Amino acid sequence: REFWRRWHVTLSTWFRDYLYIPLGGNRRAASRNLFVTMAVAGLWHGAGFTFLVWGAAHGAWLALERRLAFWQRLPRAVRVLAVFHGVAVLFVVFRAPGLPAAATYLSRLFLPPYRMEGVPAILIGWLLGFALLMSPLSALIADRRFVGLRVRWQVAATSALLFFALAHAGAQIDFIYFTF
């Protein structure tokens, strides 16, 4: 919930006020209302099945989160890592040209062989995600003091992230909203 409250405040507020609440909000079938609202939000990003699946998956996730009592009892770091990786996986679907391509991308990411020069790609992704979350940059962006790791580990995590970014600086990456 926290991710979606902070992600796109004006768009989320619009969907809440003009779709979620008129559907019944929290008073009537809240899980269904979350699912429908997020599926429509997915379609707002583009008219395609990938956008619909992306929105519906987030809606299902939000609805499930409300029903799982143990979720809030998990340590914050575990919840942050789960949300980070869940959102990252769903963005694969969001950016894919179609559902078959999304399935191919995800199978290449999670099913063997998923190696990049001898190192599992999923391990690299997890380590980079962890490095970003545990770096001082993360605390600076969130405008809070980071207290989870000692300074030397924060420096090591940030250095690893910077090294990877510089190593891939020449990669061609299009700005996502140029396609809309």
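Which helix is the place of Val53? Keep that in mind while we get our bearings, and we'll click on Val53 in a moment.

**Start with the whole chain**

What you have open is a predicted model, so begin by colouring it by pLDDT. The protein chain averages a pLDDT of 76, and 63% of the residues score at least 70. Now select helix H3, residues 30-45: among the elements of the chain, it has the highest mean pLDDT, at 90. Then jump to strand E1, residues 115-116, which has the lowest mean, at 51. Where pLDDT is low, the predicted coordinates should not be read in detail.

Switch to a cartoon view next. You can pick out nine helices and two strands. Walk along the sequence and the pattern reads α-α-α-α-α-α-β-β-α-α-α. The protein chain has 180 residues, and 29% of them count as buried.

**Stop 1: Val53 and its patch**

Back to the opening question: select residues 49-67, and you have helix H4, the place of Val53. Val53 has a relative accessible area of 35%, so it counts as partly exposed. Add Phe49 and Leu99 to your selection and turn on the surface. Together with Val53, they form a nonpolar patch there, with about 280 Å² of accessible area between the three of them.

**Stop 2: helix H2 and its bend**

Select residues 9-23 to bring up helix H2. Try a little check with the distance tool: the end C-alpha atoms are 20 Å apart. That agrees with the 21 Å that 15 residues should span, because each step along a helix counts for 1.5 Å and the expected span uses one less than the number of residues.

Now look along H2 until you reach Arg16, where the helix bends by about 40°. Which residues of H2 are buried? Colour Leu11, Phe15 and Tyr20, and you'll have buried ones in view.

**Stop 3: the salt bridge**

Stay with Arg16 and show its side chain along with that of Asp17. The two meet in a salt bridge, 3.0 Å from N to O, and the structure holds one salt bridge. Are these partners buried or partly exposed? Asp17 has a relative accessible area of 33%, so it is partly exposed. Arg16 is partly exposed too, because its value is 41%.

**Stop 4: a loop residue with a positive phi**

Move on to the loop between H2 and H3 and click on Ala29. What is phi here? The angle is near 50°, a positive value in a residue other than glycine. Ala29 is partly exposed, since its relative accessible area is 40%.

**Stop 5: Phe94 and Phe51**

Select residues 76-95 to see helix H5, and find Phe94 in it. Phe94 has 4% relative accessibility, so it counts as buried, the cut-off being under 20%. Now add Phe51. How far apart are Phe94 and Phe51 in sequence, and how far in space? They are 43 residues apart in sequence, but 5.6 Å apart in space, C-alpha to C-alpha.

**Last stop: Ala103**

Finish in helix H6, residues 99-110, the place of Ala103. With 46% relative accessibility, Ala103 counts as partly exposed. Draw a distance from its C-alpha atom to that of Val92, which is 11 residues away along the chain. Your viewer should show a separation of 9.2 Å.

Definitions and conventions. Residues numbered from 1 in each chain as written. Predicted model: local features only at pLDDT ≥ 70, side-chain atom pairs only at ≥ 80, totals over all residues. Heavy atoms only, no water. pLDDT = per-residue confidence, 0-100. Helix = DSSP H or I, 4+ residues; strand = E, 2+ residues; numbered from the N terminus. Patch = residues over 30% accessible without salt bridge, like charges linked within 9 Å, V, L, I, M, F, W, Y side chains within 5 Å. Areas by Shrake-Rupley, 256 points an atom, 1.4 Å probe, with all protein chains shown as cover. Salt bridge = Lys/Arg side-chain N within 4 Å of Asp/Glu carboxyl O. Buried < 20%, exposed > 50% of the residue type's maximum accessible area, 1.4 Å probe, protein only. Bend = angle between axes of the 7 residues up to and from the residue.
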